[in-house]
Amino acid sequence: MSPRWRKVTRDFWQERMRSGLVVAAIALGIAAFSAVLSSYAILDRELNQGYLATNPASFTIRTDAVDRELLEAVGAQPGVQSVEARRAVSGRLKAGPAQWRSVLLFVVKDFADIKVSTIAPETGAWPPGTGEILIERDAFQVAKTRIGQTVTVKLPRGEDQTLRVSGGVHDVGQAQARMENVVYGYITLQTLASLGEEPFLDQLKILVSGDRFDPVHIAEVAADVRKLLENRGRPVRRVDVPDPGKHPHADLMGMLLLAISSFGLLVLGLSGVLVVNLLTALMASQVRQIGMMKAIGGTRSQIAQIYFGQALLLGVAAVAIALPVGILGGRALCLYLSGFLNFDMTSFAVPVWVYLLVALVGLVTPLLAASYPVLKGSGISVWEALSDFGVADRGFGSGVLDRALAGVGGVARPLLLAIRNSFRRRTRLVLTLLTLSVGGLFFMSALNIRTSMINTLDHLFASRRFDLSVSLGTMAPLESIERAVAKTPGAVRSEGWIATEGFVVSAAGSASAQSSGAAGLHGGQEGAGGGHSAAGPAPARFAVLGVQPGTKLLKLEISEGRDLLPEDVDALVANTALAARYPQIRVGQSVVLGMGPAESTWRVVGIAREAFLLPWAMCRAPTSSARAGTCAWPTRFGWGSFSRTPRRSTGFEKRWIKTFKERESGRFRRAVMPRAASDSTSTC
Amino acid sequence: MLIELQSLNKTYKTEAGSFSALRGVDLTIGAGEFVAVVGKSGSGKSTLLNLVGGIDRPTSGSVSVGGTAIQGMSENDLAIWRGGNVGLVFQFFQLLPTLTVLENVMLPMDFRGTLPPADRRPRALSLLDRVGVVEQANKLPQALSGGQQQRVAIARALANDPPVILADEPTGNLDSATAKDVLGLFRGLASAGTTVIIATHERDIASVIDRTVHLVDGVVVR
């Protein structure tokens, strides 16, 4: 090894304290960067592989009862590789001794022959017998049950029935049950019948042949199947086409990783500033040596090589520490996120490109950070260096600021010394302030985001001036519900609302086909499977809420236009998400909405500012005197009764629900307390 | 003539005003001469050596060393030129603390790259032997006495076999016996054909030097 490179290694060791700090700073950034990068690479592969291994349906068609003949006809359709009939039924499941949870029951005809959107048995018995239920592995905690125990299930048309939990399954296509606060159950047609529902299947889950990832091809096959059904006189209620090959939660994972990677990059940037600062100090301490090396024949590039070599050594040390730490961190992150998104990790193998990229970033970062101090330091003249003027160019006292500081008086000398010394090495001062500022900036940003989120949620909940909403399974006269509410002690005010789904009809009369999910009032997504409506075959649907004139329980924050007035008949208020999606939804314009089989024209009078929620709109509920007959409201959600109680405990609200249910058990579907929990709505 | 200075002026501009370190210096020094530049502190001795060694630039006038006018050369060209033509020795030795004695001597050869890498170590050892510190070759400078460090600095100055050695107060930090030894080394080098110029306060150097240049307030008086 030449003396030059010996100097590199020995200086590194001699300045081990300072070198250690630089290495730690770079290693921190690289570790965060590699953890995020490796977890992204692993999760992207694992999520898609795990999801694709289930043969996810290319699209799902909802119709009425599917029979063998229809199944065979669809199966013989060109472009269809596999077709399977399913059904999803919403209901309630009693979790624990007295708590009811929402349950989504997936009905499968033959568990031994699932070809599309497969589920994997994990524990207990398989397949479930009549009177038995399989529960998604993550839903056991929501259901508060174990294999071998029994749960009580109630569907809208049936009575409370007891089912035995016979096993646990893994359904990659479902969201984490704990996050959704929903129990996913899997039953047979016979069990469905025992729950009081007619034993038929109404969904066709179809896997296309050919290119499974070509959305155009899928849309064409979906259109053909739709035509086939319509030709056979079968209604097509909805066509759901998910993004081909993409896990329903891939975007969520991407968002999470984006947030984490942003912080990783910020840490890397911060460590870069720290490296600049430390290397500037290092160069300042080496000025005499630089001068001497130049004096004995060292050129600028030869001297710069020595210090760049030192920076490279810092990078190598940092990468050597950070890479294993980052990869381990990435594994931990993968485990956490795979649990969060409900899929299994089969391999933690990190692609080679991740190692290469991390090594490249780890080596280039200190070189980039060192470039300014090294080039400045190595460019110093021999005379300057040996005169010990250093890289500061000139001594204190030559500038206007120095002279101004020299004029400062009236404070203790030690303080004066501290103040003037602070401005002696200005580059170092700027870098130090920059480091502290950037660190403070990140810290404050995190705090601001947290506060902003809380404030936004507070605003959101403040617009919902009720403590409890109760959804009914079937339509009911408003008067009877109001009587039932009035007879249930504790409610101060209640209003009956209608919630339904709508879609925008374009000027030409065709439905605007954009992807969207049907949103409830609280931004939740209704329907099974988590897919979204098809592009092309079905319009994007959104929630439409019909409220009573002059509602007191829903006061939205209007950002443009105005709120609904009691005298409004055909006025519509859209939230910002809906207005952002459709250019025709602007204050003062009219929009044609399809709701149920009818279409009607509405005047957009206001836009409500709402964060986090899916698109939805609010209008006046139809009455006999207002727009009667102009729109047909489907009964899917029935009447919604919203009650306001004085501020009391959640326990009180639960007791209220129990009393109300005793009176209206036939119609009760579910109750939601938007403010019962700080982080999610509570469902009973 | 090996070294020729003509109408050399050097003025430093400071916050307190301009300061003339050298004023109209004309000087010629022949090959193999051992010249002592003497004078009080601030008389311009170090400035004169800096200008001859291309460490500093004159405000006006010319510096020619071995027929090369160096006053117009760039910093990088000066570094390359120094590496092959000038050996520098300083009062405080200026050895690199993290390199061994041997490596310090090898460093100028490494920068200049004239000798093949395999030949550098033997040459460095031979130079250390010549100045009498070869047994210290693998020690760090910190482990050596002042006199030993100055001998190493001389060996380093000789690494690329330059025709000129410039030594700024080489004995200023040494005891008298050691100073005598160091001056003896310089005498030997000059006798072997190397031009040696030292800036010094030493009074008893007449016996070892060939010529004295007296500087008073930046002017050569004799």
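Me: Two strands pair if DSSP finds at least two bridges between them. By that rule, what makes the 6 strands of chain B in the order 6-7-8-3-9-10 a sheet, and is the sheet open or closed?

Reply: In this predicted model, local features need pLDDT of at least 70, side-chain atom pairs count only at pLDDT 80 or more, and totals for chains, interfaces and linings use all residues. Residues are numbered from 1 along each chain as its sequence is written, chains are lettered from A and ligands numbered from 1 in the order in which they are written, and side-chain values rest on heavy atoms, with hydrogens and water left out. The 6 strands form an open sheet with mixed pairing. Strand 6 (86-89) and strand 10 (219-220) of chain B are its edge strands, each pairing on one side only. Strands here are DSSP runs of E with at least two residues, and helices are runs of H or I with at least four, both numbered from the N terminus.

Me: How do you know that strand 3 and strand 9 of chain B are paired?

Reply: Strand 3 (residues 34-38) and strand 9 (residues 211-216) of chain B are joined by 4 bridges and run parallel; the rule asks for at least two, so the two strands count as a pair. In this pairing B:Val37 stands opposite B:Val213 of strand 9. Helix 2 (residues 75-85) of chain B packs on the sheet, where it touches strand 6 and strand 7 (164-168) of chain B, and its direction makes about 85° with that of strand 6. Touching means heavy atoms within 4.5 Å; the angle, on a scale from 0 to 180 degrees, is taken between N-to-C directions, with axes fitted to C-alpha atoms, for helices over the stretch in contact.

Me: Which strands of the open sheet 2-1-4-5 in chain B stand at the edges?

Reply: This sheet has 4 strands and antiparallel pairing. Strand 2 (17-29) and strand 5 (68-69) of chain B are the edge strands; each has a single partner strand, so one side of each lacks a neighbour in the sheet. Strand 5 is joined to strand 4 (residues 60-65) of chain B by 2 bridges, and B:Val65 stands opposite B:Thr68 there. Helix 1 (residues 45-52) of chain B packs on this sheet, touching strand 1 (3-14), strand 2 and strand 4, at about 120° to the direction of strand 1.

Me: What makes strand 15 and strand 16 of chain A partners of strand 17, and in which sense does each pair?

Reply: Strand 15 (residues 571-575) pairs with strand 17 of chain A in the parallel sense over 5 bridges, with A:Ala574 opposite A:Ile607. Strand 16 (residues 590-595) pairs with strand 17 in the antiparallel sense over 6 bridges, and A:Met595 has A:Ala598 as bridge partner. Both counts meet the rule of at least two bridges, so both are pairs.

Me: Why is the link between B:Glu103 and A:Arg6 called a salt bridge?

Reply: The term requires a side-chain nitrogen of Lys or Arg within 4 Å of a carboxyl oxygen of Asp or Glu. The closest N and O atoms of A:Arg6 and B:Glu103 are 3.0 Å apart, so the pair qualifies. Across the interface of chain A and chain B there are 3 salt bridges, while the search of the whole structure finds 30 over all chains. Another is A:Arg62 with A:Asp240, at 3.1 Å from N to O; these residues are 178 apart, A:Arg62 in strand 1 (residues 59-62) and A:Asp240 in strand 10 (residues 238-240) of chain A.

Me: How much area do chain A and chain B bury between them?

Reply: Buried area is the accessible area (1.4 Å probe) that two parts lose on being put together, summed over both. For chain A and chain B this is about 2,500 Å², 63% of it on carbon and sulfur atoms. A:Pro3, A:Ile296 and A:Trp383 supply 27% of the area that chain A buries against chain B, more than any other three residues. The contact takes 28 residues from chain A and 26 from chain B.

Me: Where is A:Pro127 found, and is the peptide bond from A:Trp126 cis or trans?

Reply: The bond from A:Trp126 to A:Pro127 is cis, with omega near 0°. A:Pro127 is in the loop between strand 4 (120-124) and strand 5 (132-136) of chain A.
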